[in-house]
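Visitor: I am new to this one. Could you walk me through the model?

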Amino acid sequence: MTEWGIALIAAGSALVGSLITGWFTRTAGGRQAEAARHAGDRQADAVLDTVRATLEEQRAVRVLDLRRQTYVRFLESAEVVSLSWRTGHDQPGDRPALQRAFVAVLLEGPEDVSRAARRLVDCLRGSSSPDDLDQARSEFIEAARGTLSLPGGGQLPGTLTTARPSGPPSGATS
């Protein structure tokens with residue numbers, strides 16, 4: 001073979017080797033790009049799932065906080081009417097305030113809390129004994145607490161307590 005033949009064979013071999021190497025490099029690069037795209041998609045999906053979960057939890061906390069406020073307003077109104085009933089110092093706006101708070105509880109629900117609220121209002125309207133009134137109040141608080149549980153099992157900070165006023169305010173007569 002002449003020098004030209006050897007040079008052509010060497011050049012052809014180098015060219016074929018470069019083409020094959022380039023082909024494999026291109027294929028591997030395409031696979032890496034595809035894998036990176038899928039990893040990015042999975043990461044974006046994970047971020048979206050986290051954002052959705054956070055927003056859902058915040059929504060649940062807002063709903064529970066509004067319920068808690070409704071229940072507290074009802075319980076405060078019931079305490080005012082109860083104290084007025086026990087001391088004989090009825091104020092003109094006490095019973096309408098209780099009725100408004102009661103309607104809010106009926107709208108907010110759920111059914112077991114509405115039932116307990118209705119029992120408490122019935123005790124306040126009728127001639128129930130103080131023990132019946134305390135029992136109805138405790139039932140309402142327990143039903144409300146059960147409703148105010150967060151999905152993870154916790155409760156909102158500042159949920160209803162069973163502490164009662166120790167007696168009539170100073171200056172009140174029995």
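The questions and answers below go from the overall layout to single residues.

Visitor: What kind of model is this, and how are residues numbered?
Guide: This is a predicted model, where local features need pLDDT of at least 70, side-chain atom pairs count only at pLDDT 80 or more, and totals for chains, interfaces and linings use all residues. Side-chain values use heavy atoms, with hydrogens and water left out, and residues are numbered along each chain as its sequence is written, from 1.

Visitor: How many helices and strands does the protein have?
Guide: Helices (H or I, at least four residues) and strands (E, at least two) are DSSP runs, numbered from the N terminus. From that end, the elements run α-α-α-α. The count is 4 helices and 0 strands.

Visitor: How far apart are the end C-alpha atoms of α1?
Guide: Helix α1 covers residues 3-87. The expected span of a helix is 1.5 Å times one less than its number of residues. For the 85 residues of α1 that gives 126 Å, and the model agrees, with the end C-alpha atoms 123 Å apart.

Visitor: Which residue with a positive phi follows α1?
Guide: Look just past the end of α1. Phi there is near 80 degrees, and the residue is Gly 88.

Visitor: At what angle do α1 and α2 pack?
Guide: Two packed helices are described by the angle between their axes and the distance between the axes. Axes are lines fitted to C-alpha atoms, for helices over the stretch in contact, and angles run from 0 to 180 degrees between N-to-C directions. For α1 and α2 (residues 94-108), the axes are 9 Å apart and the angle is about 150 degrees. That makes the pair roughly antiparallel, a label for angles over 145 (under 35 is roughly parallel, 65 to 115 roughly perpendicular, the rest oblique).

Visitor: How many nonpolar residues are in the contact of α1 with α2?
Guide: Contact means heavy atoms within 4.5 Å. Residues in this contact include Phe 74 and Ala 78 of α1, with Leu 98 and Phe 102 of α2. Ala, Val, Leu, Ile, Met, Phe, Trp, Tyr, Cys and Pro count as nonpolar, Asp, Glu, Lys and Arg as charged, and the others, Gly among them, as polar. Beside 3 polar and 5 charged residues, the nonpolar count is 11.

Visitor: Which way are α2 and α3 crossed, left-handed or right-handed?
Guide: Their axes come within 9 Å and cross at roughly 160 degrees, which makes α2 roughly antiparallel to α3. A crossing is left-handed if the near helix is turned anticlockwise from the far one by less than a right angle, and right-handed if clockwise. This one is left-handed.

Visitor: Which peptide bond is cis?
Guide: Go to the loop between α2 and α3, where Pro 110 lies. Omega is near -10 degrees for the cis bond from Gly 109 to Pro 110.

Visitor: Which helices do the buried residues of α3 pack against?
Guide: Buried means under 20% relative accessible area, exposed over 50%, partly exposed in between (1.4 Å probe, protein chains only). In α3, the buried residues include Val 113, Ala 117, Leu 120 and Cys 123. They pack against α1, α2 and α4.

Visitor: How do the axes of α1 and α4 cross?
Guide: They come within 11 Å. Tyr 71 and Trp 85 of α1 are among the contact residues, as are Phe 140 and Ile 141 of α4. The contact divides into 10 nonpolar, 2 polar and 5 charged residues. The crossing angle is roughly 175 degrees.

Visitor: Where is Phe 102, and what is its relative accessible area?
Guide: Phe 102 sits in helix α2. Beyond its neighbours within four places in sequence, Phe 102 contacts Phe 74, Ser 114, Ala 117, Arg 118 and Val 121. Phe 102 is buried, at a relative accessible area of 4%.

Visitor: Which residues does Asp 112 touch?
Guide: Asp 112 is in helix α3 and counts as partly exposed, at 36% relative accessibility. Its C-alpha atom is 8.5 Å from that of Ala 144, 32 residues away along the chain. Not counting residues up to four places away in sequence, Asp 112 touches Ala 143 and Thr 147.

Visitor: What share of the protein counts as buried?
Guide: The protein has 174 residues. The buried share is 25%.
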